[in-house]
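Reader: I would like a close look at a single part of this model, taken step by step and with the atomic details kept in view.

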Amino acid sequence: MPLTDNTIRNAKPHQKPVRLYDSGGLYLEVAPSGGKWWRFKYRFDGKEKRISLGTYPETSLKEAREKRDHARKLVAQGIDPSAERKATKTAESETFEAIYREWLEKFSPRWAPSHKENIVRRIEKDILPWLGARPIAELKAADLLTALRRIEARGALESAHRTKQACGQVFRYAVATGRAERDPTADLRGALPPSTKKSFAAITDPKDVGALLRVIDGYEGSFIVRCALRLAPLVFVRPGELRQAEWSEFDLERGEWRIPGSKMKMKEPHIVPLSRQALVILEELRPFTGTGRYLFPSERSRDRPMSDGTVNAALRRMGYGSDVMTGHGFRTTACSILNEQGWNRDAIERQLSHAERNKVRAAYHRAEHLPERRKMMQAWADYLDSLKNGADIIPLSAPQFGIR
């Protein structure tokens, strides 16, 4: 006699599994634990087989019968429902999206958070909607080029090139794990116009730097954003490193900000000596965000850092266009003026956490040479104060340390 919803609801568990039969090979198995499982029993190639059709009540009686009917049709067509299900699961695990997420989970723990954000944004916005559900082994160069040209069409040529590079890494991972034969991005060489990477706009004239600092002091937006703007020229780290700064990384008594290698572009820990002026800003900020994780949390959630466009948006609000000054430009400002004023180039490069190809200089960088960097950072902060106060342009006191 076919099952009813009332019979299923009232079915009680026993010491051993109990089977309640419906029709056409469908039955409900009630486990001793009380769980209720739909099963379909059938014969294929002379052998009795069973497959699960879900649990009750997540799968209703009507839905279980529909799944049974589908499975019976497969049997009638000479297709084993169990084998067909395994093939479907395999196909689902070999789509571009599935392999991308597997690759992301495996490798992203080694990346800087900002790098991961960029990769995720590019692929999930511009690739997955078009190619995500397709088996990766079937994708051709032309398929990827169509998606990349959508990015190019909106004027984001640099992003198109970077997206292609990220996709290439996913394809090569698929090849290495035996789920694709080759990387089709290799066939796209020359398919996109070359991108002309623009340098970040920056103010390097000392008088204009002084004017910018005065405008920052008068910023009328969020106090937290104003603190970020005031701190940026004093530490000249990358924008992502600044906005993701955590209170646990700061030792205010020693006057140091120690950024872990996982956040750095070069994957090496970085020490930022803090000037007296930087410490004043941090002390002013601490009552507002010091009980949380981030120095500069998002306005929407204290559990996330401010967005990557916040500082640039504040500069625009103050009248500095993207062709005049950017958040990244504070690094250029410091690098340009410090070099002009005669500070040790190695100390400047180390403070900027730039990669060094020369082995001798690289060894110097690893040694860190904190004493001269501390002097340089304090002299730089004092110099910025003089510019902000409208003093005549005077050179920094720049003692020469080591080889220049």
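In what sense do strand 2 and strand 3 pair, and over how many bridges?

Author: The model is a predicted one, and the description that follows should be read with that in mind. Strand 2, made of residues 26-30, pairs with strand 3 in the antiparallel sense, and the pairing extends over 5 bridges. Within this ladder Leu28 has Trp38 of strand 3 as its bridge partner. The two strands form a hairpin with 5 residues between them, and in the turn Gly34 has a positive phi of about 105°.

Strand 3 itself covers residues 36-44, and its two faces differ in their surroundings: Lys36, Trp38, Phe40, Tyr42 and Phe44 make up the covered face, whereas Trp37, Arg39, Lys41 and Arg43 make up the uncovered one. Trp38, the bridge partner of Leu28, therefore belongs to the covered face, if one may put the two statements side by side. On its other side strand 3 is joined by 9 bridges to strand 4 (residues 47-56), and these two strands run antiparallel. Here Arg43 stands opposite Glu48 in strand 4. The hairpin of strand 3 and strand 4 has 2 residues between the strands, and Asp45 takes a positive phi near 55° in it.

Strand 2 also has a pairing with strand 1, again in the antiparallel sense, over 4 bridges. In that pairing Arg19 has Glu29 in strand 2 as its bridge partner. Taken as a whole, the arrangement is an open sheet of 4 strands in the order 1-2-3-4, with antiparallel pairing. Strand 1 and strand 4 stand at the edges and have a single partner strand each, so one side of each is left without a neighbour in the sheet. On average, neighbouring strands of this sheet are turned by 30° against each other, if direction is ignored. Helix 2, which comprises residues 61-76, packs on the sheet and touches strand 2, strand 3 and strand 4, while its direction makes about 15° with that of strand 3.

The loop that precedes strand 1 can be added to this picture through one residue. Ala11 lies in the loop between helix 1 (5-9) and strand 1 (18-21), and with a relative accessible area of 13% Ala11 is buried, because the limit for that class is under 20%. Apart from residues up to four places away in sequence, Ala11 touches Leu20, Val30 and Lys36. Of these, Lys36 is one of the residues on the covered face of strand 3. As a reference for distance along the chain, the C-alpha atoms of Ala11 and Tyr173 are separated by 49 Å, the two residues being 162 residues apart in the chain.

Two further places may serve for comparison with the sheet. The axes of helix 9 (residues 206-217) and helix 10 (residues 223-235) come within 9 Å and cross at roughly 155°, and these helices are therefore roughly antiparallel to each other. The crossing in which helix 9 passes helix 10 is left-handed, and the residues that meet there are Leu213, Ile216 and Asp217 in helix 9 and Arg226, Leu229, Arg230 and Pro233 in helix 10. In helix 17 (residues 370-388) one finds Gln378, which counts as buried at 15% relative accessibility. The side chain of Gln378 reaches the backbone nitrogen of Arg276 at 2.9 Å, and, leaving aside neighbours within four places in sequence, Gln378 is in contact with Ser275, Arg276 and Gln277.

Key
Residues are numbered from 1 along each chain as its sequence is written. This is a predicted model: local features need pLDDT of at least 70, side-chain atom pairs count only at pLDDT 80 or more; totals for chains, interfaces and linings use all residues. Side-chain values use heavy atoms; hydrogens and water are left out. Buried means under 20% relative accessible area, exposed over 50%, partly exposed in between (1.4 Å probe, protein chains only). A polar contact is a pair of N or O atoms within 3.5 Å; within protein, one must be able to donate a hydrogen and the other to accept it, and residues adjacent in sequence count only if both atoms are side-chain atoms. Contact means heavy atoms within 4.5 Å. Two strands pair if DSSP finds at least two bridges between them. Axes are lines fitted to C-alpha atoms, for helices over the stretch in contact, and angles run from 0 to 180 degrees between N-to-C directions. Angles under 35 degrees count as roughly parallel, over 145 as roughly antiparallel, 65 to 115 as roughly perpendicular and the rest as oblique. A crossing is left-handed if the near helix is turned anticlockwise from the far one by less than a right angle, and right-handed if clockwise.
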